[in-house]
Amino acid sequence: MTRNHTRSAELAARAAGLTPGGVHSNVRLAGPRVFFERGEGAWLWDVDGNDYVDYLLGQGPNFLGHAPRAVNDAVAAAMRRGSVFGAQHALENDASELFLQAVGWADRVRFGVSGTESVQLALRLARAATGRRRFVRFAGHYHGWLDNVLVRTVDETTTPASAGQLDQFDQFHVLPYNDLAAVETLLAEHADDLAAILLEPVMCNSGVVPPRDGYLRGLRDLCDRHSVVLIFDEVITGFRIAPGGAADRYGVAPDLATYGKAMAGGWPVAAVAGRAELMDPIGTGEVNHSGTFNASVPACAAVAATLRQLRDDPPYDRLETHGGKLVDGLRELGTRHDVPLRAQGLPMAFHMSFGDPSPIHDLGQLDRLDLERYARFAHVLVDYGVWVAPRGIWYISAAHGEKELVAVLERVDAALAAGGG
Ligand code: PLP
């Protein structure tokens, strides 16, 4: 099946002369140059009139589906009274209360705009509280694009991932994920200069790799023993894998956590939450955290409406069911077409690739997978009306139902039947 992409191609050619690479985020460089006209629920339509069942969700934010009515109506109504005051407005409290209720373990929240900046604030708070400088991070985890966190790890060697990136690698130790003994050994030697352990509690940026049983609890205990701040980067997992994210799902509370993506129905909002003792120094001014657009009117309206909907109509059981059937269906298609299609993760965020089906527990094991073959397949799927990320992560929204399940399996089947895998 070949779809017509004439209009997209024209727009892409025009964009190429306007913005580097024709895209406004480097994550999109690997994706097809499709231009979209609109999204609704679990579906997208491009400028050439092609439809797509969407399992990328804008890299995660459209957790309620595209253009969620309740959220967009709340934002539109709020914005009729203005959007940013350089001062407070009552919606901030609604958003904060709903946020803290959903998260459960945290005393305070500060809103920002991107996950990247939230990670910076969390690290600064941890350093302020401990008076220590370094932090521990894990191979394969992504924490935004700034100099002190952006890395490329190949064969256990970590290097800057970008030209022009200031080498600040003496700020952190990189350890393998899901290996508690490695953390224990490092802390025994270096805890005196360690402010924090920072991790994706479910590694979602390299495969989708859940923590081993007891791993998060083990990190919690080590942090308590050595007075190190435990930071969960819940930018992907927050509100998605349970109302209170990974902390809720695995029953382990960090000291600080960062959020973004799913919390605001597609609007650009992020947050840091944590224990009062750690967060309150931003309230006294001892620690700086600023931002012109922090907690803007549309941001707070979007957060409040999103979290109200998640509270009043929790989609989590439906997501588990949909995701379970989807993963089973995709695996069956792989078997039927004799291609080693494999899926791993939590149903609401899982990773597709080709390769050995045995479970992956850390970055090193990802080389068992043929990620490039899958990236090519993701491009083929565009022509069959399935919108997914070349890097393999599939996200499910509250708007995905039986119709989408049937459509996606039919379309993947057709792509495989045509030899696309
Ligand atoms: N942390 C994690 C775990 C992420 O997945 C991302 C983005 O994908 C970020 C931080 C950075 O968030 P943002 O892209 O909103 O700056």
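Two strands count as a pair here if DSSP finds at least two bridges between them. With that in hand, welcome to this predicted model. The chain has twelve helices and 17 strands. Its radius of gyration is 21 Å, close to the 22 Å that the globule rule gives for 421 residues, so the chain is as compact as a globular protein of that length. Here is a short tour, topic by topic.

**Overall layout**

- Along its principal axes, the C-alpha trace of the chain spans about 60 × 55 × 45 Å.
- The domain assignment splits the chain into domain 1, made of 6-64 + 315-417, and domain 2, which covers 69-312.
- Between the C-alpha centres of domain 1 and domain 2 there are 25 Å.

**Where the domains meet**

- On the domain 1 side, 21 residues are in contact with 27 residues of domain 2.
- Two strands, β13 (341-346) and β14 (349-355), are the elements that each give two or more residues to the side of domain 1 that touches domain 2.
- Sorted by class, that side of domain 1 has twelve nonpolar, eight polar and one charged residues.

**The seven-stranded sheet**

- Seven strands form an open sheet with mixed pairing, and their order is β4-β12-β11-β10-β9-β5-β8.
- At the edges are β4 (108-112) and β8 (172-175), each of which pairs on one side only.
- On average, neighbouring strands of this sheet are turned by 20 degrees against each other, with direction ignored.
- As background, strands of a sheet pair through backbone hydrogen bonds, either parallel or antiparallel.
- For a closer look at one pair, try strand β10 (residues 229-233) and strand β11 (residues 256-259), which pair in the parallel sense over three bridges.
- If you find I231 in the structure, you can look across to β11 for its bridge partner, L256.

**Around the ligand**

- There are 14 residues around the ligand, and those that come nearest are S114, G115, T116, G144 and V235.
- Helix α4 (residues 115-130) gives the most to the shell around the ligand, with three residues.
- By class, the shell around the ligand holds five nonpolar, seven polar and two charged residues.

**A good place to start looking**

- For the ligand, begin with S114, G115 and T116, which are among the residues that come nearest.
- For the sheet, begin at edge strand β4 and follow the order through β12 and β11 towards β8.
- For the meeting of the domains, begin with β13 and β14 on the side of domain 1 that touches domain 2.

Note on methods
Residues numbered from 1 in each chain as written. Predicted model: local features only at pLDDT ≥ 70, side-chain atom pairs only at ≥ 80, totals over all residues. Near = placed C-beta within 6 Å. Helix = DSSP H or I, 4+ residues; strand = E, 2+ residues; numbered from the N terminus. Nonpolar A, V, L, I, M, F, W, Y, C, P; charged D, E, K, R; others polar. Axes fitted to C-alpha atoms, helices over the stretch in contact; angles between N-to-C directions. Domains from an automatic or database assignment. Contact = placed C-beta atoms within 7 Å. Rg over C-alpha atoms; globule rule 2.2 N^0.38 Å.
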